[in-house]
Amino acid sequence: TLNSGELLKEPSFRNSWYAVTLSGEVPSEGTPYATRLWGEPMVLFRDKNGEVQCLRDVCPHRAAPLSMGTVSEGSLKCMYHGWSFGKDGQCDDVPTMPGQTLDSGFLKSSCATNYAVVEHEDLIWVWGGNVLEADVTKLPTQRKGEETLYVDTMLDYNVDWSYIVENNLDSPHIYWLHDGSIPPLDSLGFNRDNVDRFTLRRFKDEIGVGHVGKTADKSTTKIVRFDAPNIVRHCGVSGFSEEFHIVPIAPHRTRVLLRQHFPKGPILNGVSKDPFLMFAFRKLMLWWNWNIALEDYSVMQGQAHNIEDLGADHILRPGLGDDLIAEFYNWRQEALRREGNPYFASWQGKGDKADKVDKVDAAAMAATDSEYEIGANPRPLRRGPRSDDGRIWASAPGVTPTEDYAIHDDRESMVGTWGIQKNYYQMSPAPTEPPVNNVNFRKIKRVLDVAETAPQAVATLAVPLFVMAALDNFRTPEAEAIVTGSKGFDVAGFSDFATSLLTSLLSN
């Protein structure tokens, strides 16, 4: 999108759309989808026309979380007293006040606060700033004429979003840390044997900045780019690409929406038409993405502790590729200078302490020389502006974020309160995905480790049963033929086939 190019020139956290979840996560019935953006609680659901609505996660009646409610017939009903909200937060029913119409003054004055939201290319996008300034022309859009098969992976991290941006901008670590740990990387030469045999060239265009990387004696060329404010893209000349939407959920909570695009040639056309093969293809990509995320994650936690708790320099001795990471942090620092700390602190109530916070002259503050602490969650020495829509950011005068900015290791369970009807979780969305929640990964890995060491006869019998139990609803004739062939299920053969298929897709 050209908006990222504009944001490079005029850095801003607010003047942008953020992909906050996948389209399939937002329901038209049942439990709404709760999330946060820059720490601010939001709730998403579909109205009676199927359009996505995004509301402040607080009922205007008595401040109960709307995310604890239920979506029914296109309206979100509060769990506490049954007040109901539809399109744009319009209050359409109050059970204790029967006979009210949508034109009544009471219902009109009882709307929930809504935010600008758009469903675009199977992602849900929320505008980062004032709803009245939302501009749909600034949505990132796939280039026309490109026909790809895409696979989505969600990843949860208990580190600040900036560490994930820098990690995905960092090309050298792919060779050293990952060292060909998944078959596609190894087949493309991303291993330690080539760590001193690749080059990087910086580029800048009307959209963003990045590196073009080339490995000696390999035909593959990799492009890495930063699209402000929070997207990192990887692509190659073959048509394969992946985009990391790095969503700042809250201080030390980040969700990544990873979308990988594969060029739709004859092979993938066939795969996409077969439910079993498509299911297996998605699960294989999910497994490999989990592997990579779990290799990166523990290093990020160590970085964060050293930098934020112990005061280490973020980049003390720059190496190959660090210029792009430094450029990202310089961009972020300028956005901080202009707008202050981007994290949400509180809503402005009526008649409470928040109402007494003085409004800040942003222009006057921008002209003031000031410095920031270096790190993933820098504390600006000056204070930033408050928005005009009732939100007070963490940098407003006299305001301290309720969330401590110290490093948090992974917690065993969500912070909240158990309830008979419904539990309350203080920090949504729950970190259900690796690398934070790696329970399922460990279970599957144990099964695969056993399969690798078991006699071939045992593996031939056990793996098909395991696969069929997992697939259950995908017992098509094609699936039966694959797992019950005369030679049994060839684990090594399937892995080799999958690797060669993806290698051909990822290379040129």
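Strands β13 and β14 pair in the antiparallel sense over six bridges; two strands are said to pair if DSSP finds at least two bridges between them. Helices (H or I, at least four residues) and strands (E, at least two) are DSSP runs, numbered from the N terminus. The structure is a predicted model, in which local features need pLDDT of at least 70 and side-chain atom pairs count only at pLDDT 80 or more, whereas totals for chains, interfaces and linings use all residues. Residues are numbered from 1 along each chain as its sequence is written, and side-chain values use heavy atoms, with hydrogens and water left out.

The confidence of the model is considered next. pLDDT is the predictor's confidence in each residue, from 0 to 100. The mean pLDDT of the chain is 80, and 76% of its residues reach 70 or more. Among the elements of the chain, strand β10 (residues 123-127) has the highest mean pLDDT, at 98, and helix α9 (residues 362-366) the lowest, at 42. Over residues 397-406 pLDDT stays under 50, and the model has 25 contacts for this stretch beyond four places in sequence, a contact being heavy atoms within 4.5 Å. Residues 457-492 likewise stay under 50 in pLDDT, with 32 contacts beyond four places in sequence. Where pLDDT is low, the predicted coordinates should not be read in detail.

The pairing of β13 and β14 belongs to a series of antiparallel pairings. Strands of a sheet pair through backbone hydrogen bonds, either parallel or antiparallel. Strand β12 (residues 198-204) pairs with β13 (residues 209-215) in the antiparallel sense over seven bridges. Lys-204 stands opposite Val-209 of β13, and a hairpin of four residues joins β12 to β13. Between β13 and β14, His-211 stands opposite Val-224. Strand β14 also pairs with β15 (residues 231-236), again in the antiparallel sense and over six bridges. Here the bridge partner of Asp-227 is Ile-231 in β15, and the two strands form a hairpin with three residues between them. Strand β14 is mostly covered, as six of its seven residues are buried; buried means under 20% relative accessible area, exposed over 50%, and partly exposed in between (1.4 Å probe, protein chains only).

Within β12 lies Leu-200. Its C-alpha atom is separated by 8.5 Å from that of Ser-171, although the two residues are 29 residues apart along the chain. Apart from neighbours within four places in sequence, Leu-200 is in contact with Ser-171, Pro-172, His-211, Val-212, Gly-213, Leu-320 and Gly-321.

Enclosed space was examined as well. Rolling a probe the size of a water molecule over the atoms shows where empty space is left. On a 1 Å grid over the protein atoms alone, a cavity is a set of points where a 1.4 Å probe fits but cannot get out, and lining residues have an atom within 4 Å of a point. Grid points are joined across faces, edges and corners, and a volume is the space filled by probe spheres set on the points. By this rule there are five cavities of 30 Å³ or more. The second largest cavity holds about 100 Å³ of space. Its lining comprises 16 residues, of which Tyr-175, Phe-190, Gly-213, Lys-214 and Lys-222 lie nearest its centre. The elements that give two or more residues to this lining are α4 (172-178), β12, β13 and β14 (221-227). Of the lining of the second largest cavity, β13 gives the most, with five residues.

A separate open sheet consists of three strands in the order β2-β3-β4, with antiparallel pairing. Its edge strands, β2 (33-37) and β4 (52-56), each pair on one side only. Neighbouring strands of this sheet are turned by 35° against each other on average, direction ignored; axes are lines fitted to C-alpha atoms, for helices over the stretch in contact, and angles run from 0 to 180 degrees between N-to-C directions. Strand β3 (residues 40-46) and β4 pair over five bridges, and the bridge partner of Leu-44 in β4 is Cys-54.

Two further sites illustrate burial. Val-247, in strand β16 (residues 241-250), is buried, with a relative accessible area of 0%. Val-247 and Leu-37 are 210 residues apart in sequence and 7.2 Å apart in space, C-alpha to C-alpha. Nine of the nine residues of helix α3 (residues 161-169) are buried, so this helix is largely enclosed by the rest of the structure.

Terms used
1 Å grid on protein atoms, 1.4 Å probe; cavity = no way out; pocket = protein on both sides within 12 Å on 5 of 7 lines; lining within 4 Å.
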